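Hello,

Here is the structure I promised to pass on. Please load it first, then read the notes below.

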Amino acid sequence: MAIVEVRHLTKQFEGNATPAVDDLDLATTEGEYLVLLGPSGCGKTTLLRLIAGLEQPTSGEVLIGGLPMVGLPPRARKIAMVFQSYALYPHKSARRNIEFPLKAARMDPEERAKKVAWAAELLGITRLLDRRPRHLSGGERQRVALARALVREPDVFLLDEPLSNLDAKLRAAARDDLKQFQDRVGTTTVYVTHDQVEAMGLGDRIAVMSEGRIRQLGTPHDVYHDPADTFVATFLGSPPMNMVRRDDVLVGFRPESLLPKGVVQPDDGAVTIPFHVHRVENLGSERHLVGTLSGIGPETRVIAMLPSTVSVDIPIDETSEFVIRGADLRFFDTDAGLRTERRRL
Amino acid sequence: MKDRRRYLFDRDGVLAPLMLLPSVVYIVALVAVPFFLAIAYSLSDVTVGDPSFDYVGLRNFRAVLKDPVFRRSLTNSLFITAVTMVLVLVLGKILALVLTRDFRFKWVVRFLILLPWTTPVPLAAIAWLWMLDSLFSPIDWTLRWLGLIDGNLHWLGNSELAVVSVIAVQVWRIVPLAAVIIMAGLAAIPQDINDAAEVDGAGFWRKLFEVTIPMSLPVTAVATLFGAVLVFTDMSVVFVLTRGGPVDATQILPTWAFFRGIAGGDLAQGAAVALFLFPLLLAMAVLILRSVRKMEVM
Amino acid sequence: MDAGSWRRRRRWGRVGLYAMVVGFTLFAAFPFLWGFITAFKQDQDLYNRDNNPFIFNIEPTLQHVRLLFEGTAFNTFVVNTLVVAVLVVAITLAASLPAAYSLARLNLRWGGAMAIAIFLVYLIPPSLLFISLSRVVSYLGLQDSRWALVVLYPTITIPVSVWLLMGFFKGIPKDIEEQAMVDGYSRLGAFVRTVLPLSFPGMVAVVVFSATLSASEFIYALAFVSQTSQKTISVGVPTELVRGDVFFWQSLQAATLLVAIPIALVFNAFLKRFIAGFTMGAVKG
C-alpha cells in the first residue's frame, strides 16, 4: 500500500497544441479510493498511464510510495492495472491469465497455484478458472481482470473505466462488487471514469478534471455541494446545476433546491421567485419541471426536480411561486467561473 | 409488364450471376479447360512430333515414377520448399519485430528491405547469378580476402552448394513478404494486451513467446501458405541459376516438366510431371487452413 | 532493480536493434548494391579475379549502360511489357470488380463455394498449366506473340484481385449503397456511384499487382514467346542479353536495377493499402 504522488506533471503529445496533462499536482492518501472524473479528452486516462509508466512525462515527476518512478518501466513500479477492455489474453484460460504476472515474477508453481486460488476465491470465480475469455460474460471477464491485478499484491491499483463495457443494468451490481472488493483489500486505488454516478458512488475523493487540469479535488460531498467553479458545478449532478446571470455574478442552484413554496422552510437569505412551468417529465422516482425563471436575473430556462414523495400538484403553462433556500445558493464570477462569496439577493 | 422488365437488373438473382460471368468464363476457359486437358495429356502419348491422341492409361505415370530424375525433382521441390519456409518464418518474424520499432532512416531501410520481393524474380536471379559466379563471385573474393578460403567455391557447379544457393535466393526474396504480412498480424494485436503484459511484468522474451507469437499465429500460418506456394511453383530461380543442374541436382517439378514437355517435346510426360504439383499444393493448403481454424481465438 | 540498470538494459536493446537493422538491410540489398557498382565497371576491372569487386579500380564507365539501350532489344522489351501491363490491368479490373462485388454483397447460395473455388484456382499454378496451354495457345493462333500473355495473365491476376477486392468491399458499410438505392438508383447504379469511388485503394492494389506481374511472370512468357521482338522484360533480360556464351554482365545488372527500382518505389508508396487489402481478405476468407 502506498501513496501516489504527482508533481508538476505535464504531458505534451506531438502534434497537439495543448498539453494532455498540464502542470498537475496530486497526492493520494494511503488506502484511498481516488477517482479521476471528467469528460473524454480531459486527460484522466493519460494521467493514469503516466502513473503506470505506459507513457513518459514531458516534465514533472511521478512518485509511488515516496520513490521517484522516472526511468522505471511499468513492471518495476509494483502497480496493477485493469483496462477498459480488460485486456485478457484470449488464448489463455482464466487461470493462466491470472497466473501470468506470477510467472513473470518467477514464482514457483505451488506458490502460484495458491495465490491464484486465493484471488479467485476472493472474486468468486473459482468455478470459471478453466474457461477461455470468449466463454465468459462481461462481468465475469471483469472479475478475472481484477483477480489478475490482485494476485500481484501491488501497492497501487489503476483502473481505467472498467465498468463502461458493461450493460447499464449490470453496472450497478458491478459497482457494488468493486466497492466490496476495495473494502476487503484496502489497496490505494486510482480509478478513471467519465460517469459521475460511478464517481460519486465509489470514490473517497474525486478529482474533477478538464483540459489537462484538476478543477477540484474533494470528497463527493464537497464537489457536489461546494463546487469550485462552474465546470464542476455543471458536470456533477443530473440534471446539472442551474445557472442564472445576475449583474456580474452567476447564481447557481441545484434542481432539487428549487421547490414549490410551502414545501420547504425558508431560511435567512432564501428567495421566493416566480417559476413558469412549460413541461413536466415524470421519471417515476422524481419529476423534472422544465420552465423559465424570472426574478433573479433575466428570464432563464431552468429545471426543478421534485422527488415523487412530494406530491404537490404543479399546473403546467402557469406561473407558480417557488423557493430557494439561501444555503442552497452558490455564486460564481463571470470571467473564469470560480466560486465567490455569498451575496444577498 | 414493361415495368417488371425495367427492374430486371435490380433483382439480385439476375445481377449477381451476370457480374460473375466474365471472370468465371475466363477462368473456366483458361484454367479449368487446360487443367483437364493436362490430365488428358498425361493419360495419352501426345508429343510435339506426333500430336495424335492415343489413350495409354497410366503408362506415363509409371514411367515418370521410375525415372530417377523425376524422383530427384520431387524430393528437391519438397526439401527446398520446406527448408526455405522454416528459414523464412524465423527471419521474417525477427524482421517484423524489428520493423515495428522506431529508428532512424526507417523509410530507407524499408525500401531496401522490400527490394528482394518487389524485383521481378528472373531479374533478381540474374543478379544472384553473377554474385555466385564460379570465377568472379564477390562472396568468394570477400572470403578469400578474409583468408577463409583459397580458390573459389563453385556455388552453382557443386551439387550441394547449388541447392543451398537456390534455397538462399528463395529465402532472400520471400522474407520481405513474410515480414510484411506478419507485421500486419502483429498490428492486429490490441494495444491493451501489450500494455497489460507490460504491467503484468512480462519482459521481452516472455511477452514474445507467451503473448505476441500465439496471438499472431493465424496470420503467420497464412503467410506460410502463401510463401510455400510461391516457392513450390516457382520456376524462374532454378531456371536462371542452374537450368536444373549440375546434372539435375537442382531439378524441381516445374523445371523438369518444362524440360520434358516443352524443350523435350514429350507433352504427355511433361503433363504427368506437372500434375504432381496439384495434390501436393492441395495437401499443403488443407493442412495449413485446418490449423488456422483451430487457432481462431479472437 | 533501480532506474539506472533499467536504462542500461534499454541501451543494449537499442544496440541490438540497430545491429539487426543493419544486418537485414545488408542481406536484402547486397546484390543490388553490388550490382549497382558492377553496372559501371569496365571489362578489365570486372573480369579480374584479384580486383576488389566493391570499388572502382579503374574509373567507371557508362558504355555498358549505353549498350543496354542501343545495342540490345531492351527497349523493345520495355515497350512490350508496358503494352501487356496496361491491357492486363484493364481486363483484370473489368472482370474482377463486378465479380468481387457480386461475391461480397449479393448473397448467393453458392457464394461460399465460389470463394473456395477461387482459392482452388490459386492452387493450379502456371507451372502446371503451361504444358496443355501450349496447345490452347496455338489453337487460338496466339503462339509466339505477346498477345498470348495479354490473354493469359488475367488468369493469374483475376483470382487474386477478386479475393483482394472482396475483402475490401466487405469492409464498406452497406448503408451507403442502401441510401443510394432508396434515393433512386438501381443496385448497379449504386455500385458504380458509391462503392467504386470508395474502393480506390483496393483498385490501386490490383493495378500495382497486375502491372508488376506483367514484368515478372516467367513461365508463360518463356513457354509461349520465343521471338525476340515480342518478349517482355522478365524473359528478355535473362535470355537475350547474351552473345553465344558471353553474358553482358554490366548491362544485365543495369537492366535489373532500372526495372527493380521504379517498381520498388511504387510498391513502397502503396504498401500500407496493399497489405490492408491482403490481410482483410485473409481474415474474412
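One cut-off before the findings: a residue is buried if 20 or more other C-beta atoms lie within 10 Å of its own. Keep in mind that this is a predicted model.

**Helix H8 of chain B**

By that cut-off, H8(B) is mostly covered, with 22 of its 29 residues buried. The helix runs over residues 159-187 of chain B. Does its length fit or miss what a helix of 29 residues should span? At 1.5 Å a residue, the expected span is 42 Å, and the end C-alpha atoms are 42 Å apart, so the two agree. H8(B) does have a kink of about 35°, placed at Ile174(B). The proline Pro176(B) follows shortly after that point.

**Chain C as a whole**

Chain C has 13 helices and 2 strands. Why call chain C more spread out than a compact globule? For 285 residues the globule rule gives 19 Å, but the radius of gyration of chain C is 24 Å, well over that value, so the chain is more spread out than a compact globule. Its C-alpha trace spans about 75 × 75 × 35 Å along the principal axes. Of the 285 residues, 46% count as buried. Take the contacts in chain C with a separation of 6 or more: 75% of them join residues 24 or more positions apart.

**Domains of chain C**

The domain assignment splits chain C into domain 1 (3-61) and domain 2 (65-284). Their C-alpha centres are separated by 34 Å. In the contact between them, domain 1 of chain C supplies 7 residues and domain 2 of chain C supplies 8. On the domain 1 side, helix H1 (residues 3-39) of chain C gives the largest share, 5 residues. That side has 4 nonpolar, 2 polar and 1 charged residues.

**Chain C against chain B**

Here 70 residues of chain C are in contact with 70 residues of chain B. Which helix gives the most to the chain C side? Helix H13 (residues 249-284) of chain C does, with 14 residues. By class, the chain C side divides into 51 nonpolar, 16 polar and 3 charged residues.

**Domains of chain A**

Chain A is divided into domain 1 (4-230) and domain 2 (240-340). The C-alpha centres of these domains lie 38 Å apart. Their contact takes 4 residues from domain 1 of chain A and 8 residues from domain 2 of chain A. The domain 1 side comprises 2 nonpolar, 1 polar and 1 charged residues.

Best wishes

Conventions. Residues numbered from 1 in each chain as written. Chains lettered and ligands numbered in written order. Predicted model: local features only at pLDDT ≥ 70, side-chain atom pairs only at ≥ 80, totals over all residues. Domains from an automatic or database assignment. Contact = placed C-beta atoms within 7 Å. Nonpolar A, V, L, I, M, F, W, Y, C, P; charged D, E, K, R; others polar. Helix = DSSP H or I, 4+ residues; strand = E, 2+ residues; numbered from the N terminus. Rg over C-alpha atoms; globule rule 2.2 N^0.38 Å. Buried ≥ 20, exposed ≤ 12 C-beta atoms within 10 Å, placed from the backbone. Expected span 1.5 Å × (residues − 1). Bend = angle between axes of the 7 residues up to and from the residue.
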